[in-house]
Amino acid sequence: MKLFLDTAEIDEIRTAARWGVLDGVTTNPSLFAKVGGTYDGVLREICTLTPGPVSAEVVADDVEGMLREGRHFASLAPNIFVKVPMSEEGLEAIARLTEEGIKTNCTLIFSANQGLLAAKAGASLLSPFVGRLDDINEEGMTVIRELASIVEIHGLAAEVLVASVRHPRHVTDAALAGAQIASVPMKVLRQMVHHPLTDSGIIRFREDWQKAQTAAIAPEPSAVATARG
Ligand code: E4P
């Protein structure tokens, strides 16, 4: 399963890349609003640090506006995927960007049928939002399971990218459901690294190693007695 980082923070992307676990990045207007600079500048930098797809989201609500923004993002770097919201206009924009050879990520998917439509329109990535469904007392993972099965059964070219991930259990369940990608905030990526028994185990091994070192340099009690004569 591929792991993307859901962020526009350059330091977080650098860290995940150093760990060797970064396959791509998703951004959106809310994530960009948390960092400074221009969206173009941030995207360019993210693209140089990221081996795989980097999603850049359009904000226009009409097809021509989405196309204009999408073509512009695609000109910034070869690994840009244009993120387009699920809507009637969004589907048309995805279809036309696909015809032009521009890769797209259909976002704000909340049902398997929306995902199916996005795949038919040509989206390379389908982004169902698991956390926002859980937030309104729905079972977000059901949509992930349904969409992953539809992609598998019908051999669709699109990949399911699980978005709106809130905790590590979402990642495990998404992987078991057959989703190809999970895009996770840095907080969740760190939670995936750690386990209380791992962390306490590291401390205990270090302490025991230190005790062994101290014992090795301390003189044997018998040698001390002989020396005292
Ligand atoms: C990523 O593609 C989505 O925009 C993001 O995961 C949404 O997450 P949120 O529901 O935590 O805002």
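Which residues are linked in a network of salt bridges with Arg14? Hold that thought for a second. The answer is Asp11 and Glu45, and I'll come back to that trio once we know where things sit. One caution before we go on: this is a predicted model.

Okay, the overall layout. Picture a closed barrel of eight strands, going round in the order S1-S2-S3-S4-S5-S6-S7-S8, with parallel pairing. Neighbouring strands in that sheet are turned against each other by 30 degrees on average, if you ignore direction.

Let's look at a bit of the wall. Strand S6 covers residues 125–128 and strand S7 covers 159–162, and they pair in the parallel sense over two bridges. Find Leu126 and you'll see Val160 of S7 standing opposite. Keep going round: S7 also pairs with strand S8, residues 181–184, again in the parallel sense and over two bridges. At that seam, Leu161 stands opposite Ile181 in S8.

Now the helices on the sheet. Helix H3, residues 39–49, packs on the sheet and touches three strands: S2 at 24–26, S3 at 54–57 and S4 at 80–85. The direction of H3 makes about 170 degrees with that of S3. Then there's helix H5, residues 88–99, which lies across S4 and strand S5, the one at 104–109. H5 runs at about 155 degrees to S4.

Let's spend some time on helix H1, residues 10–19. Which residues of H1 are buried? Those are Ile10, Ile13, Thr15 and Ala16. The buried residues of H1 pack against S1, S2, H3 and also helix H10, which is 186–193. Trp19 belongs to H1 as well, but Trp19 is partly exposed, with a relative accessible area of 37%. Together with Val21 and Val193, Trp19 makes a nonpolar surface patch of about 240 Å². And following H1 you get Gly20, whose phi is positive, near 80 degrees.

Step back along the chain to Thr7, in the loop between strand S1, residues 2–6, and H1. Is Thr7 buried or exposed? Thr7 is buried, because its relative accessible area is 3% and the cut-off for buried is under 20%. Leaving out neighbours within four places in sequence, Thr7 is in contact with Glu12, Ile13, Val25, Thr26, Thr27, Leu31 and Ile46.

For contrast, try another loop residue. Asp61 is in the loop between S3 and helix H4, which is 63–76. Asp61 counts as exposed, because its relative accessibility is 66% and the cut-off for exposed is over 50%. Again leaving aside neighbours within four places in sequence, Asp61 is in contact with Met66 and Glu89. If you want a feel for distances, go from Asp61 to Gln191: that's 130 residues along the sequence, and 36 Å through space from C-alpha to C-alpha.

Right, salt bridges. A search of the whole structure finds ten of them, and I'll show you a few. Take Lys2 and Glu159, whose side chains meet at 2.7 Å, N to O. Lys2 is in strand S1 and Glu159 in strand S7, so this pair ties together parts that are 157 residues apart in sequence. Both ends are partly exposed: Lys2 has a relative accessible area of 30%, and Glu159 comes in at 23%.

Now back to our opening trio. Glu45 forms a salt bridge with Arg14, and their closest N and O atoms are 3.4 Å apart. Why does that pair tie together separate parts? Because Glu45 lies in helix H3 and Arg14 in helix H1, parts that are 31 residues apart in sequence. Glu45 is partly exposed at 35%, and Arg14 is partly exposed too, at 36%. Add Asp11 and you have the network I asked about.

One last pair, on the helices again. Arg96 forms a salt bridge with Glu64, with the closest N and O atoms 3.1 Å apart. Arg96 sits in helix H5 and Glu64 in helix H4, so here parts that are 32 residues apart in sequence get tied together. For accessibility, Arg96 counts as partly exposed at 27%, and Glu64 counts as partly exposed at 40%.

That's the tour. Happy to turn the model around if anyone wants another look.

Technical notes. Residues are numbered from 1 along each chain as its sequence is written. This is a predicted model: local features need pLDDT of at least 70, side-chain atom pairs count only at pLDDT 80 or more; totals for chains, interfaces and linings use all residues. Side-chain values use heavy atoms; hydrogens and water are left out. Two strands pair if DSSP finds at least two bridges between them. Helices (H or I, at least four residues) and strands (E, at least two) are DSSP runs, numbered from the N terminus. Axes are lines fitted to C-alpha atoms, for helices over the stretch in contact, and angles run from 0 to 180 degrees between N-to-C directions. Contact means heavy atoms within 4.5 Å. Patches are made of residues with over 30% relative accessible area and no salt bridge: like charges are joined within 9 Å, nonpolar side chains (Val, Leu, Ile, Met, Phe, Trp, Tyr) within 5 Å. Accessible areas come from the Shrake-Rupley method with a 1.4 Å probe; for residues, only the protein chains shown count as cover. A salt bridge is a side-chain nitrogen of Lys or Arg within 4 Å of a carboxyl oxygen of Asp or Glu. Buried means under 20% relative accessible area, exposed over 50%, partly exposed in between (1.4 Å probe, protein chains only).
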